[in-house]
Amino acid sequence: TSAAAAAARLRGHGGVRCTVAVTRFVVGSTKPCLGSSSVHVVVFSDGCDKGGPADLGGHRGLYFERLEEVGSVALDELVWEEAEQGRPATGVVYDT
């Protein structure tokens, strides 16, 4: 199951705020959904903002090492920022 599907299932439980963290490359290379969305999107840089995984040789090796490193930092910052806003995380779904 994907992180998006898990977030959708969680959203069905009233009062759950779902946030998806995605790279700048993903945001820039996908079409926005039309209509309103109940999922909050947070964008972070993995250092491959223009070319995505291709900047580091594709979807393996170096790219995933970089994504794990900067993604972990972005997730940590997101969790702390949400807690400071009075919205502590009660669960995390992680997918690469």
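**Figure 1. Glu82, a buried residue of helix H3 in this predicted model.** Glu82 has a relative accessible area of 11%, and because burial is called below 20%, the residue counts as buried. Glu82 belongs to helix H3, and, once its neighbours within four places in sequence are set aside, Glu82 is in contact with Arg17, His40, Arg87 and Pro88. With one of these residues, Arg87, the side chain of Glu82 forms a salt bridge, in which N and O are 2.8 Å apart. The partner Arg87 counts as partly exposed, at 33% relative accessibility, whereas Glu82 is buried.

**Figure 2. The salt bridge between Asp49 and Arg24.** Two salt bridges are present in the structure, and in the one shown here the closest N and O atoms of Asp49 and Arg24 are 3.5 Å apart. Asp49 lies in the loop between S2 and H3 while Arg24 belongs to helix H2 (residues 24-28), so the pair ties together parts that are 25 residues apart in sequence. Asp49 counts as partly exposed, with a relative accessibility of 27%, and Arg24 is also classed as partly exposed, at 46%. Side chains of opposite charge can pair when their charged atoms come close.

**Figure 3. Asp46 in the loop between S2 and H3.** Asp46 is buried and yet takes part in no salt bridge, the nearest side chain of opposite charge being that of Arg66, 6.2 Å away. Because a salt bridge requires the nitrogen and oxygen atoms to be within 4 Å, the 6.2 Å to Arg66 does not qualify. The side chain of Asp46 does reach the backbone nitrogen of Cys48, at 2.8 Å, and a polar contact of 2.7 Å joins it to the side chain of Tyr63. Apart from residues up to four places away in sequence, Asp46 touches Thr23, Tyr63, Arg66, Leu67 and Val70.

**Figure 4. The largest nonpolar core and the surroundings of Tyr63.** Five residues make up this core, namely Phe44, Cys48, Tyr63, Leu67 and Ala74, and helix H3 provides the largest share of them, three residues. In soluble globular proteins, nonpolar side chains tend to be buried together. Tyr63, a member of the core, is in contact with Thr23, Asp46, Cys48, Gly52, Pro53, Leu56 and Gly58, if neighbours within four places in sequence are left aside.

**Figure 5. Helix H3 and its buried residues.** Helix H3 runs over residues 62-84, and because each residue should add 1.5 Å, its 23 residues are expected to span 33 Å, which agrees with the 33 Å between its end C-alpha atoms. The buried residues in H3 are Tyr63, Leu67, Gly71, Ala74, Leu78 and Glu82. An α-helix has 3.6 residues a turn, so residues three or four places apart point the same way. Among the elements that cover the buried residues of H3 are strand S1 (18-23) and strand S2 (39-44). Just after the helix, Gly86 takes a positive phi of about 85°.

**Figure 6. The protein as the setting for these views.** The protein contains three helices and two strands, which follow one another from the N terminus in the order α-β-α-β-α. Of its 96 residues, 18% are buried. Among contacts with a separation of 6 or more, 36% are between residues 24 or more positions apart.

How values were computed:
Residues are numbered from 1 along each chain as its sequence is written. This is a predicted model: local features need pLDDT of at least 70, side-chain atom pairs count only at pLDDT 80 or more; totals for chains, interfaces and linings use all residues. Side-chain values use heavy atoms; hydrogens and water are left out. Helices (H or I, at least four residues) and strands (E, at least two) are DSSP runs, numbered from the N terminus. The expected span of a helix is 1.5 Å times one less than its number of residues. Buried means under 20% relative accessible area, exposed over 50%, partly exposed in between (1.4 Å probe, protein chains only). Contact means heavy atoms within 4.5 Å. A nonpolar core is a set of buried Ala, Val, Leu, Ile, Met, Phe, Trp, Tyr and Cys residues joined through side-chain atoms within 4.5 Å. Lys and Arg count as positive and Asp and Glu as negative; His and the chain ends are not counted. A polar contact is a pair of N or O atoms within 3.5 Å; within protein, one must be able to donate a hydrogen and the other to accept it, and residues adjacent in sequence count only if both atoms are side-chain atoms.
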